[in-house]
Amino acid sequence: MSAVTFKPEIDKDALRAKYAEERDKRLRNDASEQYIRLESEFEDLAADPYLPVQERAPVTDHVTFAFVGGGFAGLCVGARLKQAGFDSVRLIDKGGDFGGTWYWNRYPGAQCDTASMIYMPLLEETGHMPSEKYAHAPEIREHCARIGTQFGLYEHALFHTQVTGLEWDQDAQVWVVETNRGDRFTAKYVGMGTGPLHVAKLPGLPGIETFAGKSFHTSRWDYAYTGGTPEGAPMDKLVDKRVAIIGTGATAVQCVPKVARTAQELLVFQRTPSSVDARNNEPIDADWFADVAVEGWQKAWQENFTSHFGMGFPTEDLVNDGWTDISKRLRAALKEVPPAEWTPEKMLALFEDADNAKMEEIRRRAETLVEDEATAQDLQAWYRQLCKRPCFHDEYLQAFNRPSTKLIHTDGQGVERITEKGVVAGGVEYEVDCIIYASGFEVWTDFESRTGFDPVGRDGQKLSEHWGTEMRTLHGLQMHGFPNAFLVQATQGAAFIANYPHNLVDHADTIAAIVTHMEGKGLSTTEPSAEAEQKWLDFLLTGRGNALSNTECTPGYYNNEGKGLRERDKYNLGHPGGALAFFHHIAAWRSSGAFEGLEFE
Ligand code: NDP
């Protein structure tokens, strides 16, 4: 690594050159193709280590609403439908219980990165007070079960079940749902909330199949091997183990400090350092919470947080954390300039200054907290903060002060290969007993490939055909030609929202409103007209486009590993006014009762 260091007076040209130099080291021709799918390549490693699969007879009944996914999306939609008086709701999930991402990700130290007050859905409805500003995974998983129990969603749920087919039966006007457990049942409505990051991936390293020791992906943590528990009991079986963790993204940042505590030796293989700012977690005080938790509090908190990432100048910051700090710095910079001078160039320059200052602070943080100078340097991130997922943690950097924990900095080149005995990087073979892949999840792959089915709508048209290279929806929620079907995700709606569950609750409100309208009027089907879908797409295209497509950034899943977005990714758009503008639009749309753009029969 070149020895350029930047002290408070930032030389912008030198910094830009340094960022470009670091990015270029990491560019690879194979981009996203460098990864392999855990499930396809290593079926045994993809199996559920948490709950046994229960034998059951295939299901062949009819339900009012079938929802693919039992994570936050399905739970929110299920809860809202139950609240609206619809009992026949079935959630289907490949995990053995509700939770989605929180079912699978039980790695030690897992916790939410967005404040619990806004991240954990339906807190007001369930009366749950989060125990910490950033709750840990067991509490979040428990909360998922709480929602499932309180709203009676366990009754019809199917777990350890993967949907393999969804097809609209025009004559019967129902969806036919098929699964890998031999189920074939029908539903008047279907929803899909399969999550953006649920297909675990591994680096496609030569020799990966030859390793003779233990290995697993972080989303399939093997506590039988490591000892300890997701609740925090120490991993006592690692005391005589040499452990490698490959990857230094948001997952590794959370689990490295826990593994470091007990492993005889921990080697952390780093290709690109994460930016790791302060977390400042703290317990939530019951008296404080009682004062805050007045009717409507959670929506107000969510809207306040989301407003920090929109167009305005919010005067209040209820969450007050590293995320809102990013936005407050940009706004403070903007306020220094009279609105008449807000040219795009000026704004970009201001954003760059604010970002440079923030990243300098984060780099200084590594220097301050990490005792070994060379390791501290190697842990510094040389890119703009939003090029990669910003991380926040109060123990990650300090973990490298333990004599047993070593950073294997590969200077952008990554691990080269895996051998029978261990991990090779920089031409050196490191012998280990266990390899933990903190290598993330597929993003930007095709919807039908990630979900494992391609919904077939009216006239036998597949969703992949309807979209072709242009995703098209009304509000990111409904598609022309797919009657009574709902997607629950953020693209073409509140896209790029920092607090994803806010969007899920909002979509659940919309779905419940549409179903209530239909059932109240005895209607059979609804779908957006082709014109309404086109009009919405045209409107989305008036915006700034996909902000995450920046190829000046270091490679990562935000920019398709440095390749930029493909033609079809250009339609990964959001409301031009930002997420809050979308929520205001959709709230007015659903409460008007007119449901403009939808056709009903
Ligand atoms: P990421 O995709 O962010 O990280 C994968 C890591 O593996 C990267 O550091 C990557 O390096 C590294 N890697 C890949 N191949 C190699 C190789 N050959 N050699 C060395 N390193 C390699 O996955 P995560 O699971 O960390 O996070 C995924 C997303 O999940 C996050 O961005 C976040 O959205 C979400 N998440 C949320 C959390 C929360 O809210 N609490 C917690 C954890 C995750 P490189 O950067 O160079 O590509």
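Visitor: So Ala, Val, Leu, Ile, Met, Phe, Trp, Tyr, Cys and Pro count as nonpolar, Asp, Glu, Lys and Arg as charged, and the others, Gly among them, as polar. How many residues of each class does the shell around the ligand have?

Guide: Twelve are nonpolar, ten are polar and four are charged. This is a predicted model, where local features need pLDDT of at least 70 and side-chain atom pairs count only at pLDDT 80 or more, while totals for chains, interfaces and linings use all residues. Residues are numbered from 1 along each chain as its sequence is written, and side-chain values use heavy atoms, with hydrogens and water left out.

Visitor: Which residues are closest to the ligand?

Guide: Gln111, Thr251, Arg271, Thr272 and Tyr557 are the closest of the 26 residues that surround it. A residue is near the ligand if one of its heavy atoms lies within 4 Å of it.

Visitor: Which helix gives the most to that shell?

Guide: That's helix α10, residues 250–262, with three residues. Helices (H or I, at least four residues) and strands (E, at least two) are DSSP runs, numbered from the N terminus.

Visitor: And what do the ligand's oxygen and nitrogen atoms sit beside?

Guide: One ligand oxygen is 2.6 Å from an N or O atom in the side chain of Thr251. For the side chain of Lys388, an oxygen of the ligand is 2.8 Å from an N or O atom. A ligand nitrogen is 2.8 Å from a polar backbone atom of Val415. On its own the ligand exposes 920 Å², and the protein buries 90% of that (Shrake-Rupley method, 1.4 Å probe).

Visitor: Where does the ligand lie relative to the domains?

Guide: Domain 1 (12–41 + 200–279 + 349–437) and domain 2 (62–199 + 443–600) both give residues to the shell, so the ligand lies between them. Those bounds come from an automatic or database domain assignment.

Visitor: How many residues of the two domains are in contact?

Guide: 36 residues of domain 1 are in contact with 30 residues of domain 2, where contact means heavy atoms within 4.5 Å. The domain centres, taken over C-alpha atoms, are 31 Å apart.

Visitor: New topic: is Gly96 buried or exposed?

Guide: Gly96 is buried, at 17% relative accessible area; buried means under 20%, exposed over 50%, partly exposed in between (1.4 Å probe, protein chains only). Gly96 lies in the loop between β3 (89–92) and α5 (101–104). Beyond its neighbours within four places in sequence, Gly96 contacts Asp48, Leu51, Tyr103, Phe159 and His160.

Visitor: What about Glu303, where is that found?

Guide: Glu303 is in helix α12, residues 297–307, and counts as partly exposed at 24% relative accessibility. Not counting residues up to four places away in sequence, Glu303 touches His502, Leu580 and His584.

Notes
A polar contact is a pair of N or O atoms within 3.5 Å; within protein, one must be able to donate a hydrogen and the other to accept it, and residues adjacent in sequence count only if both atoms are side-chain atoms.
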